[in-house]
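Student: Could you pick one part of this model and take me through it slowly, one contact at a time? I'd like a single connected account, with the numbers left in.

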Amino acid sequence: MKIFSPLYERAMRWSRHPRAPWFLGGMSFAESSFFPIPPDVMLAPMSLANPRRAWWFALLTTLTSVAGGLFGYLIGYFAFDAIEPWLRGSNYWGAYEQAVAWFDAWGFWAIFIAGFSPIPYKVFTIAAGVASMALLPFTLASFVGRGARFFLVAGLMAWGGARMEGMLRIYVDRLGWATVGLVVLGALIYKL
């Protein structure tokens, strides 16, 4: 059943849209402070579709993500009391508590790890504001962590280029169903 092929084709068309960099920048900013979808879902196909501009896309994603992280920091610093009830009721409360514990243990390195890894970076930006982390180390850790992640993604896609795009077009449905199977298996194991 070919469900993923049309989605892949649509993503590749969107990634070539003239305004795609604007959407990428907006998504990167929003994801660092409140939006749940990571910018990698746009960065990867954009870098794959236009490998010559991959480094520019990575830089754009990094800069707007760090700017969004600073916005998340401000939310934590100035408005945590207003969002705390929502945060407690959301799926992010456990991640927030983990972020606070990591700040106590590692400080700068907590932001770096959150910036590079798939851990919700937005939770760490808000927690950094709540903890009144020094702004310069916060910004530096964000630049290094986010930059390393986004340049890695863009570099891998640019390296693969047209050859990788063609291979993905052939195998996207198999990869999609394999991913669904792994998620279901993971959920079943988690429930046991």
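Tutor: Let's fix one term before anything else: two residues are in contact when they have heavy atoms within 4.5 Å of each other. Also keep in mind that what you're looking at is a predicted model.

The part I'd pick is Glu 31, which sits in helix H2. Leaving aside its neighbours within four places in sequence, Glu 31 touches Ile 37, Pro 38, Pro 39, Ser 65, Lys 122 and Arg 146. Is Glu 31 buried or exposed? Its relative accessible area is 4%, and the cut-off for buried is under 20%, so Glu 31 counts as buried.

Now for the charged partners on that list. Take Lys 122 to begin with: Glu 31 makes a salt bridge with Lys 122, and the closest N and O atoms are 3.8 Å apart. Glu 31 belongs to helix H2 and Lys 122 to helix H7 (residues 121-130), so this pair ties together parts that are 91 residues apart in sequence. Lys 122 is buried, and so is Glu 31.

Then there's Arg 146, whose side chain meets that of Glu 31 in a salt bridge at 2.5 Å, N to O. Arg 146 lies in helix H8 (residues 135-191) while Glu 31 is in helix H2, so here the parts tied together are 115 residues apart in sequence. Arg 146 has 0% relative accessibility and therefore counts as buried. Put the pairs together and you get a salt-bridge network that links Glu 31, Lys 122 and Arg 146.

Let's zoom out to the helix that carries Glu 31. Helix H2 covers residues 20-31, twelve in number, which should span 16 Å at 1.5 Å a residue; its end C-alpha atoms are 16 Å apart, so the two agree. Glu 31 has buried company in H2: Ala 20, Pro 21, Leu 24, Gly 25, Met 27, Ser 28 and Ala 30 are buried as well.

What does H2 pack on? One partner is helix H4 (residues 54-89), with an angle of about 35° between the helices and their axes 6 Å apart. The crossing of H2 and H4 is right-handed. On the H2 side, the residues that meet H4 are Pro 21, Leu 24, Gly 25, Ser 28, Phe 29 and Glu 31. They face Phe 57, Leu 60, Thr 61, Thr 64, Ser 65, Ala 67, Gly 68 and Phe 71 in H4. By type, the residues of this H2–H4 contact split into seven nonpolar, six polar and one charged. Ser 65 has already come up, as one of the residues that Glu 31 touches.

Since H4 is now in the picture, let's follow it in both directions. Towards its start, H4 holds Trp 55, which is partly exposed with a relative accessible area of 48%. Leaving aside neighbours within four places in sequence, Trp 55 is in contact with Phe 151 and Gly 155. Gly 155 is 100 residues from Trp 55 along the chain, yet their C-alpha atoms are separated by 7.2 Å.

Further along H4 there's another salt bridge, this time between Arg 88 and Glu 84, with the closest N and O atoms 3.1 Å apart. These residues are four apart in helix H4, so about one helical turn separates them. An α-helix has 3.6 residues a turn, so side chains three or four places apart point the same way. Glu 84 is partly exposed, at 21% relative accessible area. The structure holds four salt bridges in total.

H4 also helps to cover its neighbour H5: the cover over the buried residues of H5 includes H4, helix H6 (108-116) and H7. Those buried residues are Trp 93, Tyr 96, Ala 99, Trp 102 and Phe 103. Just after H5, Gly 107 takes a positive phi of about 55°.

That brings us back to H7, the helix that holds Lys 122. Between H7 and H8 runs a loop that includes Ser 132. Ser 132 has a positive phi of about 55° although it isn't a glycine. Most residues other than glycine have a negative phi. At 43% relative accessibility, Ser 132 counts as partly exposed.

How values were computed: Residues are numbered from 1 along each chain as its sequence is written. This is a predicted model: local features need pLDDT of at least 70, side-chain atom pairs count only at pLDDT 80 or more; totals for chains, interfaces and linings use all residues. Side-chain values use heavy atoms; hydrogens and water are left out. Helices (H or I, at least four residues) and strands (E, at least two) are DSSP runs, numbered from the N terminus. The expected span of a helix is 1.5 Å times one less than its number of residues. Buried means under 20% relative accessible area, exposed over 50%, partly exposed in between (1.4 Å probe, protein chains only). Axes are lines fitted to C-alpha atoms, for helices over the stretch in contact, and angles run from 0 to 180 degrees between N-to-C directions. A crossing is left-handed if the near helix is turned anticlockwise from the far one by less than a right angle, and right-handed if clockwise. Ala, Val, Leu, Ile, Met, Phe, Trp, Tyr, Cys and Pro count as nonpolar, Asp, Glu, Lys and Arg as charged, and the others, Gly among them, as polar.
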